[in-house]
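Biologist: Could you walk me through this model, starting with the ground rules?

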Amino acid sequence: MAVVPVRRLALLGGGFSTDDDGLLDDWVLAHARTSRPKVCFVPTASGDAPAYVDHFLSAFRPRACEPSVLPLFRRELDDAALRAFLLAQDVVYVGGGNTANLLAVWRAHGVDRLMVEAYGRGTLLCGTSAGANCWADGSHTDSFGPLTFLPDGLGLLPGSVCPHYDSEPGRRSSYTAAVASGALPGGWALEDGVGALFTDGLMTETVTLAPGAHIYRVEADGKNGAVERAVPCSVLPVQRGGPPPTVPGQSSMA
């Protein structure tokens with residue numbers, strides 16, 4: 001009897017592009033299906049920003065993994081090679097930037113279908129900001145300028161996602177309003193510094209870099225409002241060691 005692979009997603013409120021301790025990235029690698037995983041960075045949401053790519057490679061080359069990058073704005077692989085490359089990865093790590101643009105470019109190249117196939121085969125999919133938004137049914141985004149709702153995504157994670165819940169003015173009120181009105185389904189709001197692992201669509205592990213950072217389940221209350229429920233998170237063992245670095249070319253937008 002064939003073994004059905006476990007399907008896993010990780011939503012990150014940080015990582016190599018914003019945190020100088022690498023704890024969230026180490027946490028992701030610890031959940032890979034092999035001790036030396038192949039990790040592919042997908043920087044589509046930033047327009048394949050070279051500085052962002054360089055920062056990923058600098059952060060992951062010293063680790064026990066095999067890092068690579070999938071560029072799409074200067075695509076190098078034909079359809080067959082692209083499929084073979086993505087399905088060979090143990091971890092796909094999607095960077096931040098513009099969620100709407102990411103989805104459009106993926107669909108133009110058929111990457112959306114390949115992500116779904118990789119997920120079904122047991123590849124761990126993860127990402128931060130736009131790279132967290134893309135997996136859900138919908139998300140909260142500034143892809144169009146002002147903060148708004150985007151009822152679009154790959155649908156691998158039921159519901160919606162909102163990144164930067166505590167760090168960007170207006171995020172919290174705008175997201176809760178979208179959920180309250182039904183513009184977005186209920187979902188998960190991530191403060192910076194947290195990580196959430198979903199197994200077959202269910203949250204199975206939550207972590208944080210600091211005790212004060214949280215993940216929230218946000219749902220409509222049926223009375224034209226929304227309710228938040230803080231999800232307990234385990235604190236990763238080492239705290240941040242200083243201010244986050246600035247990564248040229250990597251937008252904080254999602």
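Modeller: Contact here means heavy atoms within 4.5 Å. Helices (H or I, at least four residues) and strands (E, at least two) are DSSP runs, numbered from the N terminus. It's a predicted model, where local features need pLDDT of at least 70 and side-chain atom pairs count only at pLDDT 80 or more, while totals for chains, interfaces and linings use all residues. Residues are numbered from 1 along each chain as its sequence is written, and side-chain values use heavy atoms, with hydrogens and water left out.

Biologist: What is the order of the six strands in the open sheet?

Modeller: Two strands pair if DSSP finds at least two bridges between them. The pairing in this sheet is mixed. β7 (148–150) and β13 (226–231) each have a single partner strand, so they stand at the edges. The order is β7-β6-β8-β9-β12-β13.

Biologist: Which residue stands opposite Arg 217?

Modeller: β12 (residues 215–220) pairs with β13 over six bridges, in the antiparallel sense. Across from Arg 217, in β13, is Arg 229.

Biologist: At about what angle does α7 run to β12?

Modeller: Axes are lines fitted to C-alpha atoms, for helices over the stretch in contact, and angles run from 0 to 180 degrees between N-to-C directions. Helix α7 (residues 171–181) lies across β6, β7, β8, β9, β12 and β13, and its angle to β12 is about 40°.

Biologist: Why are the buried residues of α7 on the same side?

Modeller: Buried means under 20% relative accessible area, exposed over 50%, partly exposed in between (1.4 Å probe, protein chains only). In α7 the buried ones are Arg 171, Tyr 175, Thr 176, Ala 178 and Val 179. The arc is taken from the directions from the helix axis to the C-beta atoms. They sit on the same side of α7 because they cover an arc of only 155°.

Biologist: And what covers those buried residues of α7?

Modeller: The cover comes from the strands that α7 lies across. It includes β6, β7, β8, β9, β12 and β13.

Biologist: How far apart are the axes of α4 and α5?

Modeller: Helix α4 (residues 99–109) and helix α5 (residues 111–120) pack at about 90°. Angles under 35 degrees count as roughly parallel, over 145 as roughly antiparallel, 65 to 115 as roughly perpendicular and the rest as oblique, so α4 and α5 are roughly perpendicular. Their axes are apart by 5 Å.

Biologist: Over which residues is the pLDDT below 50?

Modeller: pLDDT is the predictor's confidence in each residue, from 0 to 100. The chain averages 93, and 94% of the residues score at least 70. The stretch below 50 is residues 239–251.
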